[in-house]
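Trainee: Please choose a single part of this model and take me through it closely. I would like to follow its surroundings, its ring pairs and the confidence that goes with them.

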Amino acid sequence: MKWLKKLFKDNSPYLILLTLAESILSVVCTLAFVYSDTLSYADSQVFNALGIEKLLESIYSSTWWALILLLLTFIAILSIATIYLKKMDYLFIGILLWGEMLILAINLNNSLLDNLSIMALFIPIIIINIIAFKEQKKKLDIKPNKKNKASK
């Protein structure tokens, strides 16, 4: 219980909740991908596929989802590193990776409404990350100043 109080005292509550949500999202998405991937490979054996296009479709879709899962996991790891190491660089990289996920999600072949709904999903996430970044920066700036005043 003592470490939990210290965790909330030293870090922004936005950052802690964001890290928790990103970690859960990463684990759930990975488990869902692994489950659906085993189902699709079990249902349609690669060797008995209808043709090479079916094989290529399964390879590229798996690669695409692997990239998204890698980005989600990397974002969660960077948020955990921000809490543990108290460096803002990792959180800034995480914000940039959310921007990269937004760019990857936008498809110009989709309708404008689809792209607007994608932006409506990602823009609040990026804004919450920016708020967490600013709050964590305030917490880290206040802490060294108190130590410097105490040493003088």
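**A close look at helix α4**

Mentor: In the protein chain, 75% of the contacts (heavy atoms within 4.5 Å) between residues at least 6 apart in sequence join residues at least 24 apart. This is a predicted model, in which local features need pLDDT (the predictor's confidence in each residue, from 0 to 100) of at least 70 and side-chain atom pairs count only at pLDDT 80 or more, whereas totals for chains, interfaces and linings use all residues. Residues are numbered from 1 along each chain as its sequence is written, and side-chain values use heavy atoms, with hydrogens and water left out.

The protein chain has 5 helices and 0 strands, taken as DSSP runs numbered from the N terminus (H or I, at least four residues, for helices; E, at least two, for strands). The part to look at is α4, which has the highest mean pLDDT among these elements, 92, while helix α3 (residues 52-85) has the lowest, 76. Over residues 46-50, by contrast, the pLDDT is below 50, and this stretch has 3 contacts in the model beyond near neighbours in sequence. Where pLDDT is low, the predicted coordinates should not be read in detail.

With 18 residues, α4 reaches 26 Å from its first C-alpha to its last, close to the 26 Å expected at 1.5 Å a residue, where the expected span is 1.5 Å times one less than the number of residues. Its buried residues (under 20% relative accessible area, with exposed over 50% and partly exposed in between, for a 1.4 Å probe and protein chains only) include Leu97, Trp98, Gly99, Met101 and Leu102.

Aromatic rings bring α4 together with α5. Rings of Phe, Tyr and Trp (its six-membered ring) pair if their centres lie within 6.5 Å, and planes under 30 degrees apart count as stacked, over 60 as edge-to-face and the rest as tilted; by this rule there are 2 aromatic pairs. Phe92 and Phe133 form a tilted pair, 6.3 Å centre to centre with 55° between the planes, and this pair links distant parts of the chain, Phe92 in helix α4 (residues 88-105) and Phe133 in helix α5 (residues 112-151), 41 residues apart. Phe92 counts as partly exposed because its relative accessibility is 44%. Trp98 and Phe122 also form a tilted pair, 6.2 Å centre to centre with 55° between the planes, again linking α4 to α5, here across 24 residues of sequence. In this pair Trp98 is buried because its relative accessible area is 4%, and Phe122 is buried because its value is 9%.

Trp98 and Phe122 also belong to the largest nonpolar core (a set of buried Ala, Val, Leu, Ile, Met, Phe, Trp, Tyr and Cys residues joined through side-chain atoms within 4.5 Å), which has 13 residues; among those with the most contacts inside it are Leu72, Leu97, Met101, Leu102 and Ile126. The elements that give two or more residues to this core are α3, α4 and α5. Leu72 touches Leu25, Ser26, Cys29, Trp98 and Met101, not counting residues up to four places away in sequence. Another core, of 8 residues, lies apart from it, with Leu18, Ile83, Ala132 and Leu140 among its members.

A backbone approach completes the picture: the C-alpha atoms of Gly99 and Ile123, 24 residues apart along the chain, are separated by 8.6 Å. Ile123 lies in helix α5 and is partly exposed because its relative accessible area is 38%.
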